[in-house]
Amino acid sequence: MAHVSVVIDGKTYRMACDEGQDEHLRALAVKLDSAIQNLKGGFGEIGDLRLAIMAGIMIADEHSEMERQNRALEAEVASLKENRKALIERYQSTEETLSGALSEVVERIDNMAEKLKQDVALRSSGTSALG
C-alpha cells in the first residue's frame with residue numbers, strides 16, 4: 001500500500017492508495033481542491049464542511065452527467081452496429097442478386113454467340129456449296 005500526501009484547500013492530508021495509484025490520487029485531489037477554490041470564489045468562506053459537501057455534490061453531478069452521456073453514446077454505438085449489420089446483409093443480398101443477374105446475362109451472351117457461330121457456319125457452308 002502506497003502513501004500519498006495531497007493538499008486540499010491549503011491543508012495537507014496523508015492518504016493510502018494501491019501501488020501505482022498515487023498519481024491518480026494526486027490528480028483527484030487537485031480536482032477536488034479546484035472545485036473548492038471555485039466555490040470559495042463564488043460564495044466566500046462558508047465553512048470547510050459545507051465547501052467540501054458542495055464540491056462533492058458538484059463533482060458527483062459532473063460524474064452523473066458523464067454517465068448519462070456515456071449511456072447515450074453506448075446506445076448510439078449499439079444502433080450504429082445494428083445499422084451496419086443491416087447494411088452488410090443488404091449488401092450481401094444485393095451482391096447475390098447482381099451475381100445471379102450477371103450469370104444470366106453471361107449465359108444469354110454465350111447462347112447468342114453460339115447461335116451467331118452456327119449462323120456464320122451455315123452461311124459459310126452455304127456459300128462454299130454454291131461456289
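β1 and β2 form a hairpin with two residues between them, and D9 in the turn has a positive phi of about 55 degrees. Strands here are DSSP runs of E with at least two residues, helices are runs of H or I with at least four residues, and both are numbered from the N terminus. This is a predicted model, in which local features need pLDDT of at least 70 and side-chain atom pairs count only at pLDDT 80 or more, while totals for chains, interfaces and linings use all residues. Residues are numbered from 1 along each chain as its sequence is written, and side-chain values use heavy atoms, with hydrogens and water left out.

Let us stay with the hairpin for a moment. β1 and β2 run antiparallel and are joined by seven bridges; strands count as paired if DSSP finds at least two bridges between them. One of the partnerships sets V4 against M15 in β2. The side chains of β1 alternate: A2, V4, V6 and I8 are buried and point to one face, while H3, S5 and V7 point to the other and are not buried. Buried stands for under 20% relative accessible area, exposed for over 50%, and partly exposed for the range in between, with a 1.4 Å probe and protein chains only.

Now to the turn itself. D9 lies in the loop between β1 (2–8) and β2 (11–17). Is D9 buried or exposed? D9 counts as buried because its relative accessibility is 13%. Leaving aside residues up to four places away in sequence, D9 touches D33, I36, Q37, K40 and D48, where contact means heavy atoms within 4.5 Å.

Salt bridges come next; each is a side-chain nitrogen of Lys or Arg within 4 Å of a carboxyl oxygen of Asp or Glu. A search of the whole structure finds eight of them, including these three:

| Salt bridge | N to O distance |
|---|---|
| K40 and D9 | 2.4 Å |
| E23 and R26 | 2.8 Å |
| K11 and D9 | 3.9 Å |

K40 and D9 meet through their side chains in a salt bridge. This pair links distant parts of the chain, with K40 in helix α1 (residues 22–43) and D9 in the loop between β1 and β2, 31 residues apart. The two side chains are also joined by a polar contact of 2.4 Å. A polar contact is a pair of N or O atoms within 3.5 Å; within protein, one must be able to donate a hydrogen and the other to accept it, and residues adjacent in sequence count only if both atoms are side-chain atoms. K11, the other partner of D9 in the table, counts as partly exposed because its relative accessibility is 34%. A network of salt bridges links D9, K11, K40, E45 and D48.

E23 and R26 are three residues apart in helix α1, so about one helical turn separates them. E23 is exposed at 53% relative accessible area, whereas R26 is partly exposed at 32%.

Finally, helix α2 (residues 48–130) contains V105, which is partly exposed at 41% relative accessibility. L102, V105, V106 and I109 form a nonpolar patch on the surface, with about 350 Å² of accessible area together. Patches take residues with over 30% relative accessible area and no salt bridge, joining like charges within 9 Å and nonpolar side chains (Val, Leu, Ile, Met, Phe, Trp, Tyr) within 5 Å. Accessible areas come from the Shrake-Rupley method with a 1.4 Å probe, and for residues only the protein chains shown count as cover.
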